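Trainee: Before we discuss this entry, I should like to ask on what grounds its descriptive terms are assigned.
Mentor: Certainly; let us have it in view.

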Amino acid sequence: MTGSRLDIAFPAPPEGRALILNARADAVLDAFDPAQIIVIQGQFPDHRALTARGLEVHPQLPDDCRADLALVFVPRAKAAARALIQQAAACLPTEANLWIDGQKTDGIDAILREIRQLTEVAEVHSKAHGKIFRVTAGDWVPDSWAATAQEIAPGFRTVPGVFSADGVDPGSAMLAAHLPDRMPTRVVDLGAGWGWLSAQVLARPGVETLHLVESDHAALQSARANVTDPRARFHWDDARDFRLSEPVNGVVMNPPFHQGRDADPRLGRDFIAAAARLLTGAGRLWMVANRHLPYEATLAQHFGKVNELGGDTRFKVIEATGARRPGARK
């Protein structure tokens, strides 16, 4: 559907170098010459898929981001959308075209109203439950739109758009409260975000190595700054596919359960399967999940013993042991 809006905005391939921010894996970019675009995408699965299409893809703006025009696909988080627009404008010469595209469900109408108060907007096209519009680059973008890191918990900073960007996630806090006093020697934090839960793991005795696995490049960069313990190892990767050469004896995780606006329990199920692959048979998984999510059958499929350690009406904290590695008999 996005492609149909781009076809209207770009009836012919635009001339010059095009900077495209936040294109998803399935983005239809036929309106552009593939040799003339540079894509910025910090989500590892989307980055991997776009790279496989032969595109030049970076997880963040390179030092030389100069382009002749830019296209921003707005995310749901308004602060993150503003930051992407600010980044795109900073890479363009004055009066270059800056195009902004998004779905109504992702707040494109609110962004359009806000920008109309700051500068002239041209060529607004509506189609497929969304809009695309054009502005010219310049100094109209407020400095406050920049993706400035903010302290959201004592000693922890992160940037707009990452998961739980306003503070410690209550599910992660509950999970941390139920971790044992002494942790295993080799631990993986699947979906480590900006590092708060990992820091709680490292604060307990026993840990020799902790692997932080996160698909959001911006969140992982925050985690690198927040978690400076030399035992920490950082991996920009898809937690569902993550592998290590040797198994570990502990996994902690607060798995996501949304793809965009839609709840998708398959994400949590894939995290559970990944945890089982990573663990030794004697290793333990500690996870937190929303109370309503149906993970019990998947846990029973991949682990010999599953216990609920605690929780409330919103969350449940689970411990699982006896991981069944692929190919092993139940």
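The exchange below takes up a helix pair and a sheet in this predicted model.

Trainee: Why are α3 and α4 called oblique to each other?
Mentor: Helix α3 (residues 78-90) and helix α4 (residues 108-116) pack at about 50 degrees, their axes being 11 Å apart. Angles under 35 degrees count as roughly parallel and those from 65 to 115 as roughly perpendicular; α3 and α4 are therefore oblique. The crossing of α3 past α4 is right-handed.

Trainee: Which residues of α3 meet α4?
Mentor: Lys78, Ala81, Arg82 and Ile85 in α3 meet Ala110, Ile111, Glu114 and Ile115 in α4. By class, this contact of α3 with α4 comprises five nonpolar, three charged and no polar residues. Ala and Ile count as nonpolar, whereas Lys, Arg and Glu count as charged.

Trainee: What makes β3 and β6 the edge strands?
Mentor: The open sheet has seven strands, in the order β3-β2-β1-β4-β5-β7-β6, with mixed pairing. Strands β3 (56-58) and β6 (122-127) each pair on one side only. From one strand to the next, the twist averages 15 degrees.

Trainee: How do you know that β4 and β5 pair?
Mentor: At least two bridges are required for two strands to pair. Five bridges join β4 (residues 69-73) to β5 (residues 97-103), so the criterion is met, and these strands run parallel. Phe73 stands opposite Asp101 in β5.

Trainee: Which strands does α4 lie across?
Mentor: Helix α4 lies across β5, β6 and β7 (130-136), and runs at about 25 degrees to β7.

Technical notes. Residues are numbered from 1 along each chain as its sequence is written. This is a predicted model: local features need pLDDT of at least 70, side-chain atom pairs count only at pLDDT 80 or more; totals for chains, interfaces and linings use all residues. Side-chain values use heavy atoms; hydrogens and water are left out. Axes are lines fitted to C-alpha atoms, for helices over the stretch in contact, and angles run from 0 to 180 degrees between N-to-C directions. Helices (H or I, at least four residues) and strands (E, at least two) are DSSP runs, numbered from the N terminus. Angles under 35 degrees count as roughly parallel, over 145 as roughly antiparallel, 65 to 115 as roughly perpendicular and the rest as oblique. A crossing is left-handed if the near helix is turned anticlockwise from the far one by less than a right angle, and right-handed if clockwise. Contact means heavy atoms within 4.5 Å.
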